[in-house]
Amino acid sequence: METRYFETLDIHASLLGFGAMRFPTTPEGKIDRKRSLAMMKEAYEAGVNYFDTAYPYHGGESEPLVGEFLSTLDRSNFYVATKLPQWSVNSIDDAKRIFNEQLIRLQQSYIDFYLIHAIDKKAFDRMVDLGVVDYLEEEQKKGRIKHLGFSFHSIYEDFEYITRFRHWDFIQIQYNYLDTEEQAGDKGYELCTELGIPVIVMEPIKGGSLAGLSPDLEAKLKALDPDASPASFALRWVADHQNVKVILSGMSTEEQVRENLQTFSPYKPLSEKERAVLEEIGSSMRSRIGNDCTGCKYCMPCPFGVDIPGNFAIWNKYRMFNNYEVVKDQWESESSADKRPPACTECGQCIPLCPQHIDIPTDLKRVQEEMEAARIAYYQK
Ligand code: SF4
Ligand code: SF4
């Protein structure tokens, strides 16, 4: 198993980290405990020593299961990461209560990597104002938190603001060969490198999307290596960034565990040709998008309840992959039915708020037409 050295923290971690957010589940929707425990064991025995969970994963079931597994190991042989659900924190007491509950769930006396979960500028400022960042620093002084960081999914401007606000021990970003211009992206990775902050990467396969490319794009990878999967190429692209210390993969099956272990044992850097083909695939996918929505949410809230960035994200993803299946669950989700384009009254309120100058009501109509055509075609197959 490939390992990486965190120079600033003086630790070695496995380059592949076990993400505990997509465990296999039973027909009732609960974690399949037996399979999940066996998958963690197999990964650990092959050299994986970094386990990443969070308070809300699997409806709160992930932390206790990871804790159950880790309690069987020597404490000096693994690193555990978990996250503070900042959206549930309205006071210092909330932060204290949740952190103490996490220690109990995980059966640990300290957390190696503790993150404020999914912050943007607004959420971070709120954590600072509430005194939560000071509280976490106190826990770090007491040794109950070893390393303090944050995870991030918002826009680059927010990322730079939070990153420069204080010295972070590490930062966790979404990064893959398709998201180089999204969220923190290339600029965020380079900023961390410049500031000497180690990077942990989540969504290296973009939630599984880069494992299932459209047939024309997958053929380009097969021409390079018929035995290598699209997912392994995506992981190697991330691994080629030396300031990436851990790559998290949310593994759902035994096959994924084995394939990921193989990719990193040993990890083979991409050749120039392979890198060029991945860049070509990335730009080809990006050229298929319908509009330039960045998900900044400046247009929100819509007075009629339309989830404007959510609809555009589904549409752009569908177009990039040219595959309805990758967005089927999101598009058909009943809980979001009243947030879809038909709720738009074309009031026009959102149009001047969009920094990308998107004609939002017009594009929402395109979303509806294309997605419904794709849905009908999918079920007629
Ligand atoms: S134009 Fe449509 S999406 Fe925009 S604010 Fe009005 S109803 Fe909402
Ligand atoms: S439509 Fe425009 S304002 Fe709204 S989220 Fe997208 S880019 Fe931002």
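1. In this predicted model, 20 residues line the second largest pocket, and those nearest its centre are Ile205, Gly208, Ser249, Gly250 and Gln256. Three elements each give two or more residues to the lining of this pocket: helix 9 (230-239), strand 10 (244-250) and helix 10 (254-263).

2. The volume of the second largest pocket is about 400 Å³. Sorted by class, its lining consists of 8 nonpolar, 8 polar and 4 charged residues.

3. The protein chain is assigned two stretches as domains, with domain 1 covering 3-279 and domain 2 covering 308-380. Taken over C-alpha atoms, the centres of domain 1 and domain 2 are separated by 29 Å.

4. On the contact between the domains: 6 residues of domain 1 touch 4 residues of domain 2, with contact taken as heavy atoms within 4.5 Å. Between them, domain 1 and domain 2 bury about 440 Å², and 70% of this area is on carbon and sulfur atoms. On the domain 1 side, Leu178, Ser209 and Ser214 supply 65% of the area buried against domain 2, more than any other three residues.

5. Ligand 1 is surrounded by Cys302, Pro303, Phe304, Ile308, Cys344, Thr345, Glu346, Cys347, Gly348, Cys350, Pro361 and Leu364. The shell around ligand 1 has 9 nonpolar, 2 polar and 1 charged residues by class. Cysteines in this shell are counted as nonpolar, and among them are Cys302, Cys344, Cys347 and Cys350.

Key:
Residues numbered from 1 in each chain as written. Chains lettered and ligands numbered in written order. Predicted model: local features only at pLDDT ≥ 70, side-chain atom pairs only at ≥ 80, totals over all residues. Heavy atoms only, no water. 1 Å grid on protein atoms, 1.4 Å probe; cavity = no way out; pocket = protein on both sides within 12 Å on 5 of 7 lines; lining within 4 Å. Points joined across faces, edges and corners; volume = space filled by probe spheres on them. Helix = DSSP H or I, 4+ residues; strand = E, 2+ residues; numbered from the N terminus. Near = heavy atom within 4 Å. Domains from an automatic or database assignment. Buried area = accessible area lost by both parts, 1.4 Å probe.
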